[in-house]
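Please open the model in your viewer, with the sequence panel beside it, and follow the stops below in order. Each stop suggests a selection and then describes what is found there.

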Amino acid sequence: MAPRLSISALAGSILLTCAAVPAGAQQLIGYVNTRDAEVTGASDVLNGQAVLTKSAGITARDHTAPITLGRGGTVRVCQTSELHVTESKSADVAAPLLFSLDRGAIEIQMNSALNDSIMTPDLRFTIVNKGPLDLRLRVAR
C-alpha cells in the first residue's frame with residue numbers, strides 16, 4: 001500500500017520544489033498599482049498591485065504611476081507616458097534592466113546595476129558603473 005501524504009506535507013514538497021528553481025529564472029522587477037497604470041505582461045496581480053517580472057509595459061493613466069523596483073528604488077511614469085521594462089536573462093542577483101520610453105516622461109531613482117540601459121526612440125544610455133542613478137527624461141516630438 002502506498003504511503004498517504006497529508007495536504008501540509010504535499011504543500012511542503014511543492015515549496016521545496018519551487019525553492020530549487022534557479023534564482024535567475026524569474027526575479028521580481030517590481031510592482032505598480034493597477035489604479036495608476038494599465039499594465040501588459042504582468043505575471044500576477046495581488047491586492048491591486050501588478051507584479052512585474054521578465055518584461056512588462058506600463059502606461060500611466062491620468063496621473064503619475066510609481067513603480068517600486070524589487071532591487072530598491074522607484075521609477076515614476078508620468079501621466080499618459082508609456083514605458084517598457086525588461087529584465088536581462090542574467091543569473092546575477094541584480095540582473096540588468098532595460099527601460100524603454102516610447103513616449104512621455106519618466107523619473108528614475110535607484111541604485112543602478114552594471115549594464116542597465118535606458119532607451120528612447122533616439123537615444124540609448126548604458127550604465128557602465130554601479131551606483132546611484134537619479135534621471136529625469138522626457139521624449140518630445
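Which residues does Thr126 touch, not counting those up to four places away in sequence? Select Thr126 and show its surroundings: the residues it touches, on that count, are Asn115, Asp116 and Ser117. Keep in mind throughout that this is a predicted model. Thr126 is found in strand β11, which covers residues 124-126, and with a relative accessibility of 39% it counts as partly exposed. If you draw a distance between C-alpha atoms, Thr126 and Asn115 are separated by 5.8 Å, although they are 11 residues apart along the chain. The side chains of Thr126 and Ser117 are joined by a polar contact of 3.5 Å.

**The whole chain**

Zoom out and colour by secondary structure. The protein chain has 1 helix and 12 strands, and along the sequence the pattern begins with α and continues with β elements. Of its 141 residues, 35% count as buried. The accessible surface comes to about 8,700 Å², and 56% of that surface belongs to carbon and sulfur atoms. Among contacts between residues at least 6 apart in sequence, 39% join residues at least 24 apart.

**Asp116 and the salt bridges**

Return to Asp116, one of the residues that Thr126 touches, and add Arg71 to the selection. Arg71 and Asp116 form a salt bridge in which the closest N and O atoms are 2.7 Å apart. Arg71 lies in the loop between β6 (65-69) and β7 (74-77), whereas Asp116 lies in the loop between β9 (97-112) and β10 (117-119), so the pair ties together parts that are 45 residues apart in sequence. Are the two partners buried or exposed, or something in between? Arg71 counts as partly exposed at 28% relative accessibility, while Asp116 counts as buried at 0%.

The count of salt bridges comes to 3, and a second one is found by selecting Arg103 and Glu82, whose closest N and O atoms are 3.4 Å apart. Because Arg103 lies in strand β9 and Glu82 in strand β8 (residues 82-87), this pair ties together parts that are 21 residues apart in sequence. Arg103 is partly exposed, with a relative accessible area of 39%, and Glu82 is partly exposed as well, with 22%. For another salt bridge, select Asp134 and Arg136, where the closest N and O atoms are 2.7 Å apart; Arg136 counts as exposed, at 53% relative accessibility.

**Strand β8 and its partners**

Now show the side chains of β8, the strand that holds Glu82. In a regular strand the side chains alternate between the two faces of the sheet. Along β8, Leu83, Val85 and Glu87 point to one face and are buried, while Glu82, His84 and Thr86 point to the other and are not buried. Strand β5 (residues 55-60) is joined to β8 by 5 bridges and runs antiparallel to it; within this pairing, Ala56 stands opposite Val85. Strand β9 is also antiparallel to β8, with 6 bridges joining the two, and Leu98 in β9 is the bridge partner of Thr86.

**Strand β4 and its partners**

Move the selection to β4, residues 49-53, which is mostly covered, since 4 of its 5 residues are buried. β1 runs antiparallel to β4 and is joined to it by 5 bridges, and here Leu28 stands opposite Thr53. Strand β3 (residues 44-46) pairs with β4 over 3 bridges, again in the antiparallel sense, with Leu46 opposite Gln49. What do β3 and β4 form, and how many residues lie between them? They form a hairpin with 2 residues between them, and Asn47 in the turn has a positive phi of about 50 degrees.

**Last stop: Asp36**

Finally, select Asp36, which is placed in the loop between β1 (28-33) and β2 (37-40). Asp36 is buried yet has no salt bridge, and the nearest side chain of opposite charge, that of Arg35, is 5.1 Å away. Its side chain does make a polar contact of 2.8 Å with the side chain of His63. Leaving aside neighbours within four places in sequence, Asp36 is in contact with several residues, among them Ala60, Arg61, His63 and Pro66.

Definitions and conventions. Residues are numbered from 1 along each chain as its sequence is written. This is a predicted model: local features need pLDDT of at least 70, side-chain atom pairs count only at pLDDT 80 or more; totals for chains, interfaces and linings use all residues. Side-chain values use heavy atoms; hydrogens and water are left out. Buried means under 20% relative accessible area, exposed over 50%, partly exposed in between (1.4 Å probe, protein chains only). Lys and Arg count as positive and Asp and Glu as negative; His and the chain ends are not counted. A salt bridge is a side-chain nitrogen of Lys or Arg within 4 Å of a carboxyl oxygen of Asp or Glu. A polar contact is a pair of N or O atoms within 3.5 Å; within protein, one must be able to donate a hydrogen and the other to accept it, and residues adjacent in sequence count only if both atoms are side-chain atoms. Contact means heavy atoms within 4.5 Å. Accessible areas come from the Shrake-Rupley method with a 1.4 Å probe; for residues, only the protein chains shown count as cover. Two strands pair if DSSP finds at least two bridges between them.
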